[in-house]
Each structure stands twice: as C-alpha cells, then as structure tokens.
Protein chains: 2
Amino acid sequence: MCEKGGERVTGPDVAELVARARAGEPLAVGRLLSLVEAGGARGRQVASALADDGGRAHVVGLTGPPGVGKSTTTSALVAALRARGSRVGVLAVDPSSPFSGGALLGDRVRMAEHAEDPGVFIRSMATRGQLGGLAGATPQALRVLDAAGCDVVLIETVGVGQSEVDVVALADTTVVLLAPGMGDGVQAAKAGVLEVADVFVVNKADRDGATQAVRELRHMIGLGERGEWRVPVLRTVASRGEGVAELVAALDAHRQWSDGSGERERRRVARAEAEIEAVVVTRLRARIRDAHGAAGLPDLAKRVVAGELDPYAAADELQPGLAEPG
Amino acid sequence: MCEKGGERVTGPDVAELVARARAGEPLAVGRLLSLVEAGGARGRQVASALADDGGRAHVVGLTGPPGVGKSTTTSALVAALRARGSRVGVLAVDPSSPFSGGALLGDRVRMAEHAEDPGVFIRSMATRGQLGGLAGATPQALRVLDAAGCDVVLIETVGVGQSEVDVVALADTTVVLLAPGMGDGVQAAKAGVLEVADVFVVNKADRDGATQAVRELRHMIGLGERGEWRVPVLRTVASRGEGVAELVAALDAHRQWSDGSGERERRRVARAEAEIEAVVVTRLRARIRDAHGAAGLPDLAKRVVAGELDPYAAADELQPGLAEPG
C-alpha cells in the first residue's frame, strides 16, 4: 500500500490503530505514520504505545548523489526481498517543498508495482521544516513499521548532505550508491558519504567507467580506518535486476556481523540518543519560536542585524540560564 | 592567504586580533575564524567585538550536486571579482571527516592560484559535529570576513542535502549549479535546491545536453511560484572562464534588486534568527550531552532501546519543564 503524508486523522484512537497496525492493516499503519510525522500530543501517544517495538526489522539506509539510481535500486531490492517472503517497509526521505513536489511524485511511480502488495509499506517523509527533522521522525516511523511486522525497512534519501548522511549512518546497514562517470569517488568523498558505508554499490555498472569506479572505491576503502567488517564493493544494474541478489546477500551478511559484534546494538543506542535529543530540541525550538513580546526571536534578530546585539547576547535574552559549552 | 581549521590560538587577545583583521592582516583573520569555529567563551568574545559588522559584503551561496564544478566555478568567480578589484572571502563548507579529508585537500589545490593573494581569504569549514552546525558557525565567519573588508563572500557547499540548502538559502544571493547529463533538473528538484535558486548556472555547457538542461530549468521555473525577481538561467564553462562575466553581472543585478526590494534585509533577519536559535540549541545540546548519572543521555537511550521508556518520556527526564509543541 502507498500512503502520502499530511493526512488528517480523526476517529479511531491510538490504541486501536496500534492493534490494527500490528495485524498488518495498511490503513492503520499509514495513519500511525501520519501521527508520528505530525508529532505533538498524539505523536507522543503513538510513541508510548510502541515503546516496546523496534529492533526486529533490519534497517537499511541507502544514500548517494542524485542520479545514481537510488529509487530504482530500492524498487529492485523490494522485489527481491518480497520474492523470499520478507515484509518490507520503505521510507523515502524527501526534502519537502511545494516546488519539487511534482517531480517527487513522478519519480515514485517506479514504486507503483509494489503499491498494491499488502506486504509492502511505502512512505514518503517530508523533512524540511519537519519538527525534530529527520532524526526525530525517522526512528518513530521505524517503530511503526516494526510493529507492522516488517522484516526489512529501507530508508532512501534524496539529497546527499550532512542531514541525510546523519540519518543513514544510524541505520543498521548503510548502502552508498555511486554510478560511473558521475564525478566518481572523489566527489562522493567530498559529500562525506564514503566513511558511513557498510556496503558500496556501483550502479549502472554496464556503463563506461564502472571498473574504474570500483577500483577507486577499493583504493579509498584501503586508505580509511575500517573495523573488522570488510566493506564490499558491488556492481549492479538495478533497472535490469542485475547484482541485486548479491546486494541482498551483502545486507544479510552485514546484519549477521553487526548482530554478533554488538555493532547493531551500538547503533541502536546512538539512534535513540539522537531521537531523545531531537525531542528536547524540538520542544525548545517551539518555545523559542513561540516567544512573543520584546524578547521574541524576530525582534532580537532585527537588533542583531542592526548591530545592537551580538547573537550570544540575544540568546541570553531568549532563553536565560543556559551556559556556553566548552 | 589560505588557512586550515583547527589552529590553536594563543597569545594576542580578541580585541587586538579584531584590530589587525580590520587592517586586513591575513593571520589575524585566520585566527578569528578559528575562534568562531571553536565557539565557547572566546568565540563569544569575537561575536561581541564584531556585533557591528556584517551587511557590507555581498554573501553569495553556491550549491549543486557533486561533480557539477562548484570548486572550479568558485575559483573562476574569485578571479573575475579580483580582476575588478573586489576583496573576496571564500567559505568552503565541508562535511568534516578524517576519511574524506585527503580528497578535500586535494581538491582545494584548484584554489592555490589565489592562496598568495592578500585580497582573497579562503577557509574550509568543517561541519560534522560542529557546535551549532552550519547555521551557527557560518554567520559568525561572515562577520569576520566582513570586518576584514571583503566585498563579496562566496559560500560553497560540498554536499547537496537539507543542511546545505538551508545554509545557502540564507545567502543574499543563491546560485544553483547543474551540469548536463548529471541526472538533470528532475534530480536537482529532488534534492530541494531548485526553489532556493536566485540564479541558475548550467556549467560544463560545452557538453551534450546543455541546451536541454537549460530548457528544462526554464520550464521548471515557469511552474513554480516566483516573486518579482526573474531567475536567470546562465551557461558557463567555468574551467575556461566562459560565461563567468555574465554570472558576475547576474550576481550584481540580484544584489541590487534585493537591496532595493527589502529582500536582502529580510534574509539577513532570517539568518540572524537561525543564528540565535543555533546558539541556544548548541547550549542545550551541550547541557544534555554533559548530563551525568542515572538520567544521562546514554543511559536513557539504552532504556529506550530496551523498550522500558519511550523517547518522549526520556526527554522529560533529561530536560524537565519543556512542553510538547502543537
């Protein structure tokens, strides 16, 4: 089933929705995802009801520069995972903007083949302006999908920047996709994605330069500090399903390694730390933005622009009692 | 002059450094940039000393997918701006990582031609793990460069994700670079960069597909909501300097329009709001991360992972007294 964000929820209470989601009812899953995206009091109710969930599904993050074929690869992975009977969730983490909305929806058409499959939950998550940002909403959405019985959740990012890297780095297994001739490894290194990869995929590997891209990546992996997990560099042509079985095998192998080594537990704790912090920061941001009167944020900002106040002094006025770190 | 981050500062006090920076002394500018990057008490001293600065330099943000030639374009812009006698600052906003460090430095070699020029200040800013992130450190660095007499400051991002878009969107003028055959407009739209562009540049315009890329962009601009500023779509071959004069002219035109229309003032206030908020959030984060004992963040995160606590309840324990927004 395929559900878009922003849905108004009325009617059934959270406990009932959770029970129905646990039974795998797509509509209930979609409504819970809407509630965690919206946050606030009902988001909190969902979190409370799902505190016990999470940890079952294998969370796989996919990132890489625009144009490498992330959506196509995600869709091919869904097909392969469904073929072996896994239930699959897909979170497509998109920058939210009215302007790009059309393009996004168009692209999601690729996932249409899975839209009617009751064993697949697909969700586009808006992030710009999102309360708590990616770090806040993503873990809650993971818990919903976990409760719904997903064996694997794929988180696909659209951009490739700091926020996106931060999110996929918190997955159990992070896949970094590249394509030949797209600026190659050095450009990806610049985006900071190389060091978060558990698995590299050179997609569109039927194009010129694939062998060189693989060689470059292997060289770069050799340069960096790595743990005991040996990062594989795979080749795929996702649009034809080539190499996808090998990718699934690599994901399984990493899951097994990270379960045994304690790495998965370590990342889950890091994810929870980021999540708690996001809740606190979201609350603080709301308090700051809601402040009215002479000490309100817009007024303070104008005084900073006018040179009457430096931003630290403005922060003192806005939220007294917090000291400078360091 | 070219200065790398992380320098230890000892010796001269902030007031002396500020006086020397105002006289254009490169070493003093570099030290002040180190202080604002490090934050803390001395960062605050710098902010206080520079409260009056900012607003003179024209702040130009450059973003776009990896591989479109942002560094080459930045370097070509510096040359063109120097040729007409402008003092120029360059902030290259990079994800900080030991793994990608080598690649980054290699790439900065392109800027080497400007390294000995006393009218050019170049700085790579680390962002990962940065206190306050991009929104916190960038405006302070802008103030330092303003005080040093820069007429134009170019902010070049490396990734193209949410954080990067947020930063360049706060520039006086935002340039979005694309290149033919790099996934084109739709892919850029997915990264959320289209709607923040004041000027589009199709770089590497001597390649196949440039005309199509320009046409696509013009079509997409037509679809979106635009103000009275007519977003130009330029073609450049930055590596040969082609189209760079036209780009400089477009930057000047946008500066003039935004000064006259109040748009520049509006963005400066938004930048100051983000900056004040970043100071407050940084302080709160530090308090959270420094909390010890049973209610410390790592302990709470473990309890969330164990299912004993939901993240909202954990946030209550960590920082009581903040209510849920909404």
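1. Start with burial in chain A: 58% of its 326 residues count as buried. Keep in mind that this is a predicted model.

2. Next, the make-up of chain A. You'll find 13 helices and eight strands in its secondary structure. If you take the contacts in chain A with a separation of 6 or more, 77% of them come from residues 24 or more positions apart.

3. Now look at where α11 of one chain meets α11 of the other. In both chain A and chain B this helix covers residues 263–290, and the two axes come within 10 Å, crossing at roughly 145°. The crossing is right-handed. On the chain A side, the contact uses E277(A), V280(A), V281(A), L284(A), R285(A) and I288(A), and on the chain B side E277(B), V280(B), V281(B), L284(B), R285(B) and I288(B). Sort these residues by type and you get eight nonpolar, four charged and no polar.

4. α11(A) also packs against α12(B), a helix spanning residues 297–305 of chain B. Their axes are 8 Å apart and the angle is about 110°, so α11(A) runs roughly perpendicular to α12(B). This crossing is right-handed.

5. Who touches whom in that second pairing? From α11(A) come R268(A), V269(A), A272(A), E273(A) and I276(A), while α12(B) brings L297(B), P298(B), L300(B), A301(B), K302(B), V304(B) and V305(B). By type, the residues split into nine nonpolar and three charged, with no polar ones.

Definitions and conventions: Residues numbered from 1 in each chain as written. Chains lettered and ligands numbered in written order. Predicted model: local features only at pLDDT ≥ 70, side-chain atom pairs only at ≥ 80, totals over all residues. Axes fitted to C-alpha atoms, helices over the stretch in contact; angles between N-to-C directions. Helix = DSSP H or I, 4+ residues; strand = E, 2+ residues; numbered from the N terminus. Left-handed = near helix turned anticlockwise from the far one by under 90°. Contact = placed C-beta atoms within 7 Å. Nonpolar A, V, L, I, M, F, W, Y, C, P; charged D, E, K, R; others polar. Parallel < 35°, antiparallel > 145°, perpendicular 65-115°, else oblique. Buried ≥ 20, exposed ≤ 12 C-beta atoms within 10 Å, placed from the backbone.
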